[in-house]
Amino acid sequence: MATPQLIFVDGSPAELAQEMADYIQVGDQVKPLLEKDNTEAALDIIVKASHYLNSVPEKEFTAAYNLLIHLVLQSKDPKKYLPVICQNLLKPITSSPTHGFTLASNALSTIFNLLEKSNPLRYNVLLQIVRFVKQHGQFDLLKPRLKYLDLWLEEWDTDEEQQRKLFVDIAEVASEASDEEESYHFLLKALGTFDRDEQDEITSEEAQKLSLRALRMALIAPHRFDFQDLRVLPSVQALSDSHPIYSQLLDIFSEQDLEDYNDFREEHEGWIEKEKLDHEKLQRKMRLLTFASLAASTPNREIPYENIAKALQIPAEEVEMWTIDVVRAKLVEGRLSQQQKVFLVHRTTYRVFGEKQWRELGTRVDQFKTVVDRLVGVVRKAQSDVEAQREREQQELERKLANAGVSDRPSDRRRGQTQQRQRTDDDD
């Protein structure tokens with residue numbers, strides 16, 4: 001989407017309409033209507049013939065479309081004419097094969113930016129822009145503007161169905177651009193538009209189709225290890241009835257281990273291949289998730305190599321390689337001790353956080369509290385020892401001074417000074 005721009009035109013509506021009509025060679029049809037002050041009928045003829053602009057010289061394209069856009073936006077019913085103009089801009093610009101995309105993109109952006117921010121027509125124009133971007137494979141030009149999308153939808157007062165349509169279109173464009181993360185994000189937003197209190201909605205064919213699509217994306221995405229945002233959606237939960245095997249697989253990847261995945265494959269032999277899911281990728285992801293679960297469930301934070309090899313069902317010599325991979329995936333933080341043949345866990349990611357995890361957390365908090373209490377006891381004992389030592393040293397000093405006939409007490413010093421002054425007086 002191009003930078004917002006202004007249009008400068010000069011002339012009365014009738015003059016401008018006649019100028020445009022003459023330019024696209026329908027002037028003779030429009031002139032009698034304008035003479036009768038029937039501007040809307042004249043504009044209808046002009047818009048229907050506006051496809052002619054796609055073949056005008058490149059240097060005249062922008063000025064001609066700007067004039068057409070101005071006439072349409074000043075009409076009584078822009079909604080009637082804008083779809084035709086947008087559809088024309090989605091067609092090839094035959095006069096400029098090289099710069100056609102840029103010319104059409106600028107024209108579409110001009111329409112969008114000249115409409116009032118709260119004008120619901122902006123929604124329809126944005127839909128056309130999304131389709132235009134998809135058609136030309138230019139998602140990177142649209143992506144920076146998507147941060148304003150929620151605000152726009154609120155300003156346009158769009159309903160859930162409109163939002164879902166736009167979210168799905170954006171998800172498809174992002175997917176075709178190989179931006180799977182953004183595609184998945186907008187699929188979840190689309191699923192969020194279904195009313196969770198309407199059973200018919202969340203179990204509808206559309207809802208189940210989108211839910212299954214999002215689930216497949218989550219499973220095969222190499223860097224997606226958290227499935228909780230998907231599992232909380234009612235339409236995804238409804239897959240347990242419409243697609244129970246997929247729902248079972250989602251449960252395994254959400255909170256179970258490699259052994260459970262292998263049991264699933266045995267139970268549903270050939271199903272992974274039939275659904276065109278990549279077993280190698282799924283198995284790799286499952287091993288990484290199993291490693292994370294193992295790290296989270298190890299109380300002493302030290303995992304022997306042999307435990308890792310057993311859980312991941314790999315040879316012992318591959319343990320270090322898989323440890324590096326799980327750290328790179330940011331599921332676990334720690335370091336290897338090659339000498340002791342253990343992995344020291346510093347931090348781990350909980351795949352789910354339920355009653356079991358709360359109990360584990362409570363146990364670790366108690367262990368931490370015990371350690372802190374011991375440290376506090378050691379510090380207090382050290383403080384007590386220091387105070388006792390200081391007292392003993394003070395007493396020892398006073399004893400030595402007393403034996404030497406010298407007192408360190410202020411009253412003794414004052415008394416000595418008084419006696420010395422009295423002797424001096426007697427001597428006088």
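**Leucine 188**

I started with leucine 188, which sits in helix H11 (residues 180-191). I kept in mind that this is a predicted model. Is leucine 188 buried or exposed? Its relative accessible area is 15%, so I noted it as buried, the cut-off being under 20%. I then looked up its partners beyond four places in sequence and found Asp229, Leu230 and Leu233. I also checked the backbone: the C-alpha atoms of leucine 188 and alanine 214 are separated by 7.2 Å, although the two residues are 26 apart along the chain.

**The chain as a whole**

Next I stepped back for an overview. I counted 24 helices and three strands in the protein chain. Of its 428 residues, 40% count as buried. I looked at contacts with a separation of 6 or more, and 63% of them come from residues 24 or more positions apart.

**The nonpolar core**

Leu230, a partner of leucine 188, turned up again here. The largest nonpolar core has 115 residues, and Leu149 and Leu230 are the ones with the most contacts inside it. Which helix gives the most to this core? I found that it is H7 (residues 121-136), with nine residues.

I followed leucine 149 a little further. Setting aside neighbours within four places in sequence, I listed Leu126, Leu166, Phe167, Ile170 and Phe186 as its contacts.

**H13 and its two partners**

I looked at helix H13 (residues 205-220) against helix H10 (residues 160-176) and noted that their axes come within 13 Å and cross at roughly 30°. Angles under 35 degrees count as roughly parallel, so I put H10 and H13 down as roughly parallel to each other. Their crossing is left-handed. On the H10 side the contact is made by Arg164, Val168, Ala171 and Glu172, and on the H13 side by Glu206, Leu210 and Arg213. Sorted by class, I have three nonpolar, no polar and four charged residues in this contact.

I then turned to H13 and helix H17 (residues 244-255). These two pack at an angle of about 35°, with axes 11 Å apart, and H13 passes H17 in a left-handed crossing. Which residues make the contact of H13 with H17? From H13 I wrote down Leu212, Leu215, Arg216 and Leu219, and from H17 Tyr246, Leu249, Leu250 and Phe253. How do they divide by class? I get seven nonpolar, no polar and one charged. It is nice to have the two contacts side by side on the page: four charged residues in H10 with H13, and one charged in H13 with H17.

**Helix H1**

Back to the start of the chain. In helix H1 (residues 13-23) I marked Leu16, Ala17, Gln18, Met20 and Ala21 as buried. What do the buried residues of H1 pack against? I found helix H2 (27-35), helix H3 (39-48) and helix H4 (58-73). Just after H1, I noticed that glutamine 25 takes a positive phi of about 70°.

**Aspartate 325**

My last stop was aspartate 325, in helix H22 (residues 319-328). I wanted to know whether this charged residue is buried or exposed. Its relative accessibility is 13%, so aspartate 325 counts as buried. Leaving out residues up to four places away in sequence, I found that aspartate 325 touches Arg284 and Leu288.

Definitions and conventions
Residues numbered from 1 in each chain as written. Predicted model: local features only at pLDDT ≥ 70, side-chain atom pairs only at ≥ 80, totals over all residues. Heavy atoms only, no water. Core = buried A, V, L, I, M, F, W, Y, C linked by side-chain atoms within 4.5 Å. Buried < 20%, exposed > 50% of the residue type's maximum accessible area, 1.4 Å probe, protein only. Helix = DSSP H or I, 4+ residues; strand = E, 2+ residues; numbered from the N terminus. Contact = heavy atoms within 4.5 Å. Axes fitted to C-alpha atoms, helices over the stretch in contact; angles between N-to-C directions. Parallel < 35°, antiparallel > 145°, perpendicular 65-115°, else oblique. Left-handed = near helix turned anticlockwise from the far one by under 90°.
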